[in-house]
Amino acid sequence: MFGAAWPIQAQDTKAQDTNSPYPSMAPIAQYRMDRDAEIALARTAAPAPISRDAEVLVLGEKNFESAVRGKNGFVCLVGRAFAGPLNNPEFWNPKNRSPICLNPPAARSLMPYAMKEAGMALAGASKAQITDAIRTAVAKKELGAPESGSMAYMMSKEAYLTDQGSHNLAHVMFELPRNGVFQDNPDFFVSWDPAPVIEFNVPVGQWSDGTLVTVSKHSLTARTSRPTN
């Protein structure tokens with residue numbers, strides 16, 4: 001959720017590390033931002049009527065931490081790839097900056113995943129160790145499926161989501177329990193395996209500031225398949 005906008009199918013973690021252009025974590029300084037700039041970028045994830053009253057988190061020394069109190073239950077932050085799907089081949093990409101605003105159900109049920117991953121990454125854990133910790137937490141029911149109605153905005157014009165294509169995609173996401181129903185269409189659904197979460201990406205036609213998205217042949221949104229019924 002916090003590190004990738006394009007669909008990625010589950011794959012073997014060891015194999016993906018071997019094939020990834022980012023096989024391990026870069027120096028931590030490469031993932032950090034100026035605090036004020038990070039707050040401003042986080043707010044670009046959603047339209048102003050939502051983001052201006054949201055809580056804003058920034059990446060601290062040990063984890064994401066609250067920088068601005070909110071009033072509407074939404075939580076906005078600049079995600080890093082290491083706080084997102086574990087099957088992302090760019091999991092350690094230090095260029096990734098993924099502004100996201102989560103609605104209250106998503107903040108309650110999905111931020112714990114991001115916090116666990118980010119905390120372990122900043123403490124020096126490998127992706128294999130993070131994956132094992134998530135799997136164990138799910139088995140112990142310390143982490144679970146997304147709450148009903150969980151969704152998030154990723155509509156920032158200033159995001160850098162991936163090295164692919166135009167590096168960005170204006171979209172909203174709906175978080176669902178992973179039950180096998182939608183996993184046959186990786187063009188629209190992102191598996192969070194081993195978490196019981198699957199994510200439905202919906203491209204939108206404008207950025208959070210209201211300007212229209214210009215789609216080119218190199219855009220991340222260029223796809224020919226349709227979601228299954």
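## Strands, cores and unusual backbone points in a predicted model

Leu-77 stands opposite Ile-100 in strand β4, and this pair is a convenient place to begin reading the structure, which is a predicted model. The two strands concerned, β3 and β4, run antiparallel and are joined by five bridges.

### Strand pairing around β4

On its other pairing, β4 meets β5, again in the antiparallel sense, over two bridges, and here Leu-102 has Ala-152 of β5 as its bridge partner. Is β4 mostly covered or mostly exposed? The strand is mostly covered, since five of its five residues are buried, that is, under 20% relative accessible area. This holds for both faces of β4, with Ser-98, Ile-100 and Leu-102 buried on one side and Pro-99 and Cys-101 buried on the other.

A further antiparallel pair is formed by β1 and β2 (residues 64-68), which four bridges join. These two strands make a hairpin with four residues between them, and within the pairing Val-56 has Val-68 in β2 as its bridge partner.

### The nonpolar cores

The largest nonpolar core holds 39 residues, of which Leu-77, Phe-82, Trp-92, Leu-102, Tyr-113 and Ile-130 touch the most other members. At least two residues of this core come from each of β1 (55-59), β3 (75-79), β4 (98-102), α4 (104-122), α5 (127-139) and β5 (151-154). The largest share is that of α4, which supplies nine residues. A second, separate core has 17 residues, including Ile-39, Ala-42, Val-58 and Val-78.

Trp-92 deserves a separate look for its contacts in the chain. Leaving aside residues up to four places away in sequence, Trp-92 touches Tyr-22, Pro-23, Ser-24, Met-25, Tyr-31, Phe-82, Ala-121, Ala-125, Ser-126, Lys-127 and Ile-130. Two residues on that list, Phe-82 and Ile-130, are also named among the core residues that touch the most other members.

### Helix α5 and what follows

Helix α5 has 13 residues, which at 1.5 Å a residue should span 18 Å, and this agrees with its end C-alpha atoms being 18 Å apart. Which residues of α5 are buried? They are Lys-127, Ile-130, Thr-131, Ala-133, Ile-134, Ala-137 and Val-138. Because these residues cover an arc of only 165° around the axis, they lie on the same side of α5. As a general matter, an α-helix has 3.6 residues a turn, so residues three or four places apart point the same way.

After α5 comes Lys-141, whose phi is positive, near 65°, although the residue is not a glycine. Lys-141 sits in the loop between α5 and β5 and counts as exposed because its relative accessibility of 75% is over the 50% cut-off.

### Backbone angles in the loops

A second positive phi outside glycine belongs to His-167, which lies in the loop between β5 and β6 (171-177). Farther along the chain, a cis peptide bond joins Asp-193 and Pro-194, with omega about 10°, and Pro-194 is found in the loop between β7 (189-191) and β8 (197-203).

The two residues with positive phi are set side by side below.

| Residue | Phi | Relative accessible area |
|---|---|---|
| Lys-141 | near 65° | 75%, exposed |
| His-167 | about 75° | 27%, partly exposed |

### Phe-200 in β8

Phe-200 lies in strand β8 and is partly exposed, with a relative accessible area of 23%. Its C-alpha atom is separated by 4.7 Å from that of Phe-189, although the two residues are eleven places apart along the chain. Not counting residues up to four places away in sequence, Phe-200 touches Val-172, Met-173, Phe-174, Phe-188 and Phe-189.

### Confidence in the model

The protein averages a pLDDT of 87, and 82% of the residues score at least 70. Over residues 4-16, however, the pLDDT is below 50, and this stretch has 40 contacts in the model beyond near neighbours in sequence. The pLDDT also stays under 50 over residues 220-229, for which the model has 23 contacts beyond four places in sequence. Where pLDDT is low, the predicted coordinates should not be read in detail.

Definitions and conventions:
Residues are numbered from 1 along each chain as its sequence is written. This is a predicted model: local features need pLDDT of at least 70, side-chain atom pairs count only at pLDDT 80 or more; totals for chains, interfaces and linings use all residues. Side-chain values use heavy atoms; hydrogens and water are left out. A nonpolar core is a set of buried Ala, Val, Leu, Ile, Met, Phe, Trp, Tyr and Cys residues joined through side-chain atoms within 4.5 Å. Buried means under 20% relative accessible area, exposed over 50%, partly exposed in between (1.4 Å probe, protein chains only). Contact means heavy atoms within 4.5 Å. The expected span of a helix is 1.5 Å times one less than its number of residues. The arc is that of the directions from the helix axis to the C-beta atoms. Two strands pair if DSSP finds at least two bridges between them. pLDDT is the predictor's confidence in each residue, from 0 to 100.
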